[in-house]
Amino acid sequence: MTLWKPDPTFYPSPRDAAAAPAEKLAYVAAFDRSAQKPDALAVLDTDPASGSYGEVVGWTDLPYTGDELHHFGWNACSSALCPYAPHPHVERRYLIVPGLRSSRIYVYDTKDRISPELVKVIEAEELGKRAGYSRPHTVHCGPEGLYVSALGGYGEEGPGGIAVLDHTSFEVLGRWEVDRGPQYLAYDFWWHINHDVMVTSEWGTPSMIEDGVVGELLLGRKYGHRLHFWDLRRRRHVQELDLGDQYQMVLELRPAHDPTKKYGFAGVVTSVEDLSASIWVWYQEGSRWAVRKVVDIPAEPAAADDLPDVLKPFGAVPPLVTDIDLSVDDKHLYVSCWGTGELKQFDVSDPFTPVETGSVRLGGVVRRSAHPAAPSERLAGGPQMVEVSRDGNRVYVTNSLYGSWDDQFYPDGVGAWMAKVDTASFTLDERFFPHGDAFRGLRPHQTRLQGGDASSDSYCYP
């Protein structure tokens, strides 16, 4: 389906995106840890003027069980306006939703409906035979197609990498990499689209993550600890940066939205030396790429009796930075500390000297901080997936990470909740707290905002 004029939710520049109307709906992927019920897409009302504000107003069950929905994305975004790979007449209409455990990819239509409607299922065999990958993880719309990262190979552990889907038919076109160089582990990816640069990060192969954190692999420093840089147009690996093998699990990547800039942020889950988490900046130095640690977040001491088995030997709660998000104006970085139950705000106007400017607590392995809307309820989980509105005024967080991690770090149950932070005051919105039965026994993970958000679009004009 094509349009006579570009989708109004496509914006040439981040400045235009920040000035756009506020979202009125949020789409949330929710999964059933037991794999007995189907996973689902929940739709939340985010319009403060609505009578159903903060409530689940739409719901779509998946057709199968055992998918474990993870990171999903739009079929099209503002990159459709880029001059060298234009697709100006497609719509931001479909959600591309991968199942991390099943290796299926679902396509859902959101146009003129509250509850998304299933229009296509890409089976694991098609992804495997055409691209050579399994365990699809992250979706981004970009030049020449839809890009989907995958953690595993087809019929083998690895390497993981990126598959490309057709914008219109959603058929799997094939493997993105022409020359992957030394890259083997995979996780997130993003790009500096105007400079033909892709950046990828590392977690682990399916067997390394399937049943949670494996102590022997963590202490043996076997999880991912590198960044990889690629020629985006030629699809070739050009440089590898090793952060040091003590820094385990280099996960989320957030490049500057300003297309004239060539820097971005990476989050590291933990250091095996002291359980701290960290934030790093990559940047160009001459003709080569460099990386620098700019934030350390220490572990918090705790009594062994208060800790789950996985943490008892350490006597501390690691922050476990499992998501970060950069505001569209590139001024604020939001960091989720899922272990300690904290969402941090940093002023990153100077990316090399971040300044912490705000913090809220929810959940946490030991603290179990309550939401002001339910002050007597000790919350499990913590701020995990983070999504920032285009104008930067609102931050949405959900509390579940990955089923097996949930069970390790919150063995008494992780629960289900979603919260919203108003960034001007950096306080929790007491009117927005869908939790418990609102998610029908499923665990909420990633959020996408109607019309786009801070981690869904890339821009080609400053």
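In this predicted model, six cavities of 30 Å³ or more are present. The largest cavity has a volume of about 150 Å³. Its lining is made up of 18 residues, and those closest to the cavity centre are Trp-191, Pro-255, Ala-256, His-257 and Ser-458. Two elements, strand S12 (189–192) and S16, give two or more residues to this lining. The largest share, three residues, comes from S12. By class, the lining of the largest cavity comprises eight nonpolar, six polar and four charged residues.

The second largest cavity encloses about 90 Å³ of space. Around this cavity stand 14 lining residues, with His-71, Thr-138, Arg-254, Gln-446 and Arg-448 nearest its centre. Strand S8 (133–142), S16, strand S26 (386–388) and strand S30 (443–449) each contribute at least two residues to the lining of the second largest cavity, and S8 gives the most, with three residues. The lining of this cavity divides into four nonpolar, five polar and five charged residues.

Arg-254, one of the residues nearest the centre of the second largest cavity, belongs to strand S16 (residues 247–255). Arg-254 counts as buried because its relative accessibility is 6%, and the cut-off for burial is under 20%. The side chain of Arg-254 reaches the backbone oxygen of Ile-324 at 2.8 Å. Beyond its neighbours within four places in sequence, Arg-254 is in contact with ten residues that can be listed as Asp-188, Trp-190, Gly-264, Phe-265, Trp-282, Asp-323, Ile-324, Asp-325, Leu-326 and Ser-455.

Open pockets were examined as well. The largest pocket holds about 470 Å³ of space. Its lining consists of 22 residues, and Asp-7, Thr-9, Arg-92, Gln-450 and Gly-451 lie nearest the pocket centre. This lining contains 10 charged, eight nonpolar and four polar residues. In the second largest pocket, the space amounts to about 220 Å³. Val-213, Leu-218, Val-310, Leu-311 and Phe-314 lie nearest the centre of the second largest pocket, among 15 lining residues. Helix H4 (215–219), strand S17 (263–271) and helix H5 (403–409) are the elements that give two or more residues to this lining, with the largest share, three residues, coming from H4. The lining of the second largest pocket has 13 nonpolar residues, two polar and no charged.

The largest nonpolar core contains 27 residues, of which Trp-203, Tyr-223, Met-249, Trp-405 and Phe-409 touch the most other members. At least two residues of this core come from each of helix H3 (206–209), S16 and H5. Leaving out residues up to four places away in sequence, Trp-405 touches Trp-203, Gly-212, Val-213, Met-249, Val-269, Thr-322, Trp-338 and Tyr-410. Another core, of 22 residues, lies apart from the largest one and includes Ala-17, Leu-379, Val-388 and Val-397.

Ala-17 is located in helix H1 (residues 14–18). With a relative accessibility of 0%, Ala-17 is therefore classed as buried. Residues up to four places away aside, Ala-17 touches Tyr-11, Val-328, Arg-390 and Tyr-459. The C-alpha atoms of Ala-17 and Glu-210 are separated by 38 Å, and the two residues are 193 residues apart along the chain.

Gln-345 lies in strand S24 (residues 342–347) and is buried, with a relative accessible area of 5%. Not counting residues up to four places away in sequence, Gln-345 touches His-332, Leu-333, Tyr-334, Val-355, Glu-356, Thr-357, Gly-358, Thr-423 and Phe-426.

Conventions: Residues numbered from 1 in each chain as written. Predicted model: local features only at pLDDT ≥ 70, side-chain atom pairs only at ≥ 80, totals over all residues. Heavy atoms only, no water. 1 Å grid on protein atoms, 1.4 Å probe; cavity = no way out; pocket = protein on both sides within 12 Å on 5 of 7 lines; lining within 4 Å. Points joined across faces, edges and corners; volume = space filled by probe spheres on them. Nonpolar A, V, L, I, M, F, W, Y, C, P; charged D, E, K, R; others polar. Helix = DSSP H or I, 4+ residues; strand = E, 2+ residues; numbered from the N terminus. Buried < 20%, exposed > 50% of the residue type's maximum accessible area, 1.4 Å probe, protein only. Polar contact = N/O pair within 3.5 Å; in protein donor to acceptor, adjacent residues only side chain to side chain. Contact = heavy atoms within 4.5 Å. Core = buried A, V, L, I, M, F, W, Y, C linked by side-chain atoms within 4.5 Å.
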